[in-house]
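The exercises below are to be worked with the sequence and the 3D structure side by side. Each task is followed by a solution in steps.

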Amino acid sequence: MYRFIIIKKRTAICILITTVLMLATTIIISAMGLAAEDEKEEPKVRLPILMYHSILQNPSSAGKYVVSPGTFENDIKYLKDNGYTSILSDELIAYVKNGEPLPSKPVMITLDDGYLNNLTYALPILEKYDMKAIISVVGKYTERFSAEDDHNPSYSHFSWEDINTCIASGRIEIGNHSYDMHSQGARKGTTKKRGESETEYEKVLSEDVLKMQALLLEHCNAQPKVFTYPYGAVSNASVDIIKKLGFEVSFGCCEKVNEISRNENALYLLCRFNRPSGISTEKFMKKITE
């Protein structure tokens, strides 16, 4: 009798364990199925980002970081004719953080350093083709050319007034390119110097970048959401510092098409294709479709 009761209890326990395992397995499989469905519903978005610098008419100035107005226009026309829509940081942030839709073929057009010729040549072309761009400016350059009142497209950088003109156009977003870290001395760009402590490095980087933010707010009523690393030079520690300072997007210089997910980390160290002279628009643009 007792042996029968024990066997009966053991059978009941086995049945209970089996039932629990089957239920757990069903839950896991269902969760995996839902995750797979979510992944299918939200594929990564391809986002090519183009990087320009100076735009000059003189053919003798052409080089790795200088293109002609004609080259710039051919590129922008290519994008327009091939169905690309330029976006700014707000649209990208809204997609990643809030799930708001992006155009079917988004692209970002960026120009670094804040050359006056970006206003002289690039802005009218952007207006002609209904495109937008992000121009990242260096504070020390802007202060110098604001004080000197020197307006030569061949070499001048933006003044505060020029930045305000760009913002007023509705086609230009201003990015922070540091106040005075666009150099290649003991410290290349915003990288950490050899022997510099983490605390010292954070203080130096934060003070420089926040100084630029304060100047843009004072002179242009602008607070950039984008930080652009000078020379694309990045230290591991700088990534978290830039996030801590409130920037929601950052640009590097690695060359590949970005795959944008709904993970907020996808907004940082975005890759860009530098646009040199000497390459046809068709050949250069193959990079963004590969």
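**Exercise 1.** Determine how strand 7 pairs with strand 8, and in which sense.

*Solution.* Step 1: strand 7 and strand 8 run parallel and are joined by five bridges. Strands here are DSSP runs of E with at least two residues, helices are runs of H or I with at least four, and both are numbered from the N terminus. Two strands count as paired if DSSP finds at least two bridges between them.
Step 2: for the register, take Val137, which stands opposite Asn176 in strand 8.

The model is predicted, so local features need pLDDT of at least 70 and side-chain atom pairs count only at pLDDT 80 or more, while totals for chains, interfaces and linings use all residues. Residues are numbered from 1 along each chain as its sequence is written, and side-chain values use heavy atoms, with hydrogens and water left out.

**Exercise 2.** Is strand 7 buried or exposed, and which way do its residues point?

*Solution.* Step 1: buried means under 20% relative accessible area, exposed over 50%, and partly exposed in between, with a 1.4 Å probe and protein chains only.
Step 2: strand 7 covers residues 133-137, and five of the five are buried, so the strand is largely enclosed by the rest of the structure.
Step 3: in a regular strand the side chains alternate between the two faces of the sheet.
Step 4: Ala133, Ile135 and Val137 point one way, Ile134 and Ser136 the other way, and all are buried.

**Exercise 3.** Place strand 6 (residues 106-113) among its partner strands.

*Solution.* Step 1: strand 6 pairs with strand 7 in the parallel sense over four bridges. Thr110 stands opposite Ile134 in this pairing, and Asp112 has Ser136 as its bridge partner.
Step 2: the connection from strand 6 to strand 7 includes helix 4 (residues 116-128), and the three elements make a right-handed β-α-β unit. Right-handed means that, with the strands pointing away from the viewer, the path from the first strand over the helix to the second runs clockwise.
Step 3: strand 2 (residues 49-52) also pairs with strand 6 in the parallel sense, over four bridges. Here Met51 stands opposite Thr110.
Step 4: strand 5 runs parallel to strand 6 and is joined to it by two bridges; Thr85 has Pro106 as its bridge partner.
Step 5: eight of the eight residues of strand 6 are buried, so this strand is largely enclosed by the rest of the structure.

**Exercise 4.** Describe the surroundings of Ile87.

*Solution.* Step 1: Ile87 lies in the loop between strand 5 (85-86) and helix 3.
Step 2: its relative accessibility is 1%, so Ile87 counts as buried.
Step 3: leaving aside neighbours within four places in sequence, Ile87 is in contact (heavy atoms within 4.5 Å) with Leu47, Leu92, Leu102, Pro103, Pro106, Val107 and Met108.
Step 4: Leu47 is 40 residues from Ile87 in sequence, and their C-alpha atoms are 9.8 Å apart.
Step 5: Leu92 belongs to helix 3, where Ser89, Ile93, Ala94, Tyr95 and Val96 are also buried. Just after this helix, Gly99 takes a positive phi of about 75°.

**Exercise 5.** Which residues line the second largest pocket?

*Solution.* Step 1: on a 1 Å grid over the protein atoms alone, a pocket is an open set of points where a 1.4 Å probe fits, with protein on both sides within 12 Å along at least five of seven lines; lining residues have an atom within 4 Å of a point.
Step 2: the lining consists of Leu88, Ser89, Asp90, Ile167, Ile172, Glu173, Ile174, Ala222, Gln223, Pro224 and Lys225.
Step 3: helix 3 (89-98) and strand 8 (172-176) are the elements that give two or more residues to this lining. Strand 8 gives the most, with three residues.

**Exercise 6.** Where is Lys211 found?

*Solution.* Step 1: Lys211 is found in helix 7 (residues 198-220).
Step 2: at 40% relative accessibility, Lys211 counts as partly exposed.
Step 3: Ser178 is 33 residues away along the chain, and the C-alpha atoms of Lys211 and Ser178 are separated by 8.4 Å.
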